[in-house]
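Trainee: Could you take me through this one with the cut-offs in hand? I'd like to see what each label rests on.

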Amino acid sequence: MAQKIISISTRGQGLYEFTAEAASFVRANGAAEGLLTVFVRHTSCSLLIQENADPDVRTDLDVFFRRLVPPSSDPSMHWIVHTTEGADDMPAHIKAALTQVSIGIPIIGGRLALGTWQGIYLFEHRDRPHRREIVLHLSA
Amino acid sequence: MAQKIISISTRGQGLYEFTAEAASFVRANGAAEGLLTVFVRHTSCSLLIQENADPDVRTDLDVFFRRLVPPSSDPSMHWIVHTTEGADDMPAHIKAALTQVSIGIPIIGGRLALGTWQGIYLFEHRDRPHRREIVLHLSA
Amino acid sequence: MAQKIISISTRGQGLYEFTAEAASFVRANGAAEGLLTVFVRHTSCSLLIQENADPDVRTDLDVFFRRLVPPSSDPSMHWIVHTTEGADDMPAHIKAALTQVSIGIPIIGGRLALGTWQGIYLFEHRDRPHRREIVLHLSA
């Protein structure tokens, strides 16, 4: 068993890949078979495994979630009560609820058993820069 | 390794926190490092890690999901076929699909590695009272 | 610890149950207590635990997601950039983001601790037939 906390600096909404950091943590621990659990310690950003080939996929994902959950300043979101931390805050909590806070990824033959096109992303839902903490937990 | 089934009595739609029960299970087993997996044994409620500070966040989350997935009696949901268990039943399955059935939370230094504002919630999607079972699984 | 990769042939959008395959993998490994992690190696299909009783529930789930995320040929989806792989491709990535890529299910008394009505499904989001790989990871 091994654990590590990594941090990612975000500069506004969007997807930030950390597949390389996760893979290097797995390699450093030399486990042939096991399970990597990734956990994000925040409620206004989340985790996603998505296509790492065409960057347009990430753009479209980001736009979809912005359209589904617009800022609380948008007339369609007039019912939002929690507005004290800014128009992007409550939508950030909602987008986090719609995606994932933890993901388990098996390790086979010493490597993450990701599919060819899968990358691991932090999905930032706030506008301003943030420093986000992710826990990597490896059980062998 | 340790396991426990806890049950939560719900009184209608909304978020029910059980962070304290999960934390006390972890403490009782005395593991310094490990992983707690939380799993809900139902398909019309789900799990969520969300902000435990301002209760308005939970209200807004609940309202968002009610607006995104209204009862099947709502004209916009005319296409729903599964209505025999009530107007809140099929929307409950949909809301469960949009959130999570299991969450993995690392344990560091004998404590759940939750962020400062993170609480663990059962998200009830049915109107009437229910008794919900959650499995806590600790791997050290 | 044990691992197995299973594959599922899909014939268009919808839910494909593989509870029996997962249960038989658990039985074959004879673990009394443990955790099964299910992970899908793709970004245009996903995983779901849902009601396995009334098949209308699966139909309604499928319809909900098609209405929430229509094909990119639909006028409401004019903002989609990633269209080269077909009108069902980007919506498939979005639906995968809205559901789950991995699920952890505790094992109690040698059996998956699923609720009475819970089945494990691959949720296919593409129109054409695909062969999908799922990793089963058992930690005892």
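Mentor: Sure, starting with a definition: a polar contact is a pair of N or O atoms within 3.5 Å, and within protein one must be able to donate a hydrogen and the other to accept it. Bear in mind that this is a predicted model.

Trainee: How many residue pairs meet that rule across the interface of chain C and chain B?

Mentor: The rule finds 13 residue pairs in polar contact there, counting pairs with both residues at pLDDT 80 or more. On the chain C side, β3 (34–40), β4 (45–51), α2 and β5 (102–108) each supply at least two of the residues that touch chain B. Of these, α2(C) gives the most, with nine residues. By residue type, the chain C side divides into 19 nonpolar, seven polar and six charged.

Trainee: And what makes a residue part of the contact between chain C and chain B, and how many does each chain give?

Mentor: Contact takes heavy atoms within 4.5 Å. Chain C gives 32 residues and chain B gives 30. The two chains bury about 2500 Å² between them, with 64% of that on carbon and sulfur atoms.

Trainee: Why quote an area at all?

Mentor: It's a common habit: the size of an interface is often given as the accessible area lost when the parts come together.

Trainee: How many salt bridges are there between chain C and chain B?

Mentor: Zero. To count, a side-chain nitrogen of Lys or Arg would have to come within 4 Å of a carboxyl oxygen of Asp or Glu. Over all chains, though, the structure holds 18 salt bridges.

Trainee: What about chain B against chain A?

Mentor: There, 32 residues of chain B are in contact with 30 residues of chain A. About 2500 Å² is buried, and carbon and sulfur atoms give 64% of it. The salt bridge count is zero, and 13 residue pairs are in polar contact, both residues at pLDDT 80 or more. On the chain B side, β3 (34–40), β4 (45–51), α2 (55–68) and β5 (102–108) are the elements that give two or more residues, and α2(B) gives the most, with nine.

Trainee: Back to chain C: how do you know that the length of α2(C) fits a helix of 14 residues?

Mentor: Set the expected span beside the modelled one. At 1.5 Å a residue, helix α2 (residues 55–68) of chain C should span 20 Å, and its end C-alpha atoms are 20 Å apart, so the two agree.

Trainee: What makes Asp54(C) a cap for α2(C)?

Mentor: A side-chain oxygen of Asp54(C) lies 2.9 Å from the backbone nitrogen of Asp56(C), at the N-terminal end of the helix. Further along, the buried residues of α2(C) include Val57(C), Leu61(C), Phe64(C), Phe65(C) and Leu68(C).

Trainee: Why is the pair Arg66(B) and Asp62(B) called a salt bridge?

Mentor: Their closest N and O atoms are 3.1 Å apart, and the limit is 4 Å, so the pair qualifies. Both sit in helix α2 of chain B, four residues apart, about one turn. An α-helix has 3.6 residues a turn, so residues three or four places apart point the same way.

Trainee: Are those two partners buried or exposed?

Mentor: They split. Buried means under 20% relative accessible area, and exposed means over 50%. Asp62(B) has 11%, so it is buried. Arg66(B) has 37%, which means partly exposed.

Trainee: Why is Glu124(A) called buried, and what does it pair with?

Mentor: Its relative accessibility is 0%, so it counts as buried. Glu124(A) meets Arg132(A) in a salt bridge at 2.7 Å, N to O. Arg132(A) has 4%, so it is buried as well. In chain C, Glu124(C) and Arg132(C) also meet at 2.7 Å, with Glu124(C) at 0% and Arg132(C) at 3%, and therefore buried. Elsewhere, salt bridges that share partners join Arg41(A), Arg131(A) and Glu133(A) into one network.

Trainee: Last one: why is Glu85(B) called partly exposed, and where is it found?

Mentor: Glu85(B) has 42% relative accessibility, which falls between the two cut-offs, so partly exposed it is. It is found in the loop between α2 and α3 (89–98) of chain B. Its side chain makes a polar contact with that of His82(B) at 3.3 Å, inside the 3.5 Å limit. Leaving aside neighbours within four places in sequence, Glu85(B) is in contact with Arg126(B) and Glu51(C).

Notes: Residues are numbered from 1 along each chain as its sequence is written. Chains are lettered from A and ligands numbered from 1 in the order in which they are written. This is a predicted model: local features need pLDDT of at least 70, side-chain atom pairs count only at pLDDT 80 or more; totals for chains, interfaces and linings use all residues. Side-chain values use heavy atoms; hydrogens and water are left out. The expected span of a helix is 1.5 Å times one less than its number of residues. Buried means under 20% relative accessible area, exposed over 50%, partly exposed in between (1.4 Å probe, protein chains only). Buried area is the accessible area (1.4 Å probe) that two parts lose on being put together, summed over both. Ala, Val, Leu, Ile, Met, Phe, Trp, Tyr, Cys and Pro count as nonpolar, Asp, Glu, Lys and Arg as charged, and the others, Gly among them, as polar.
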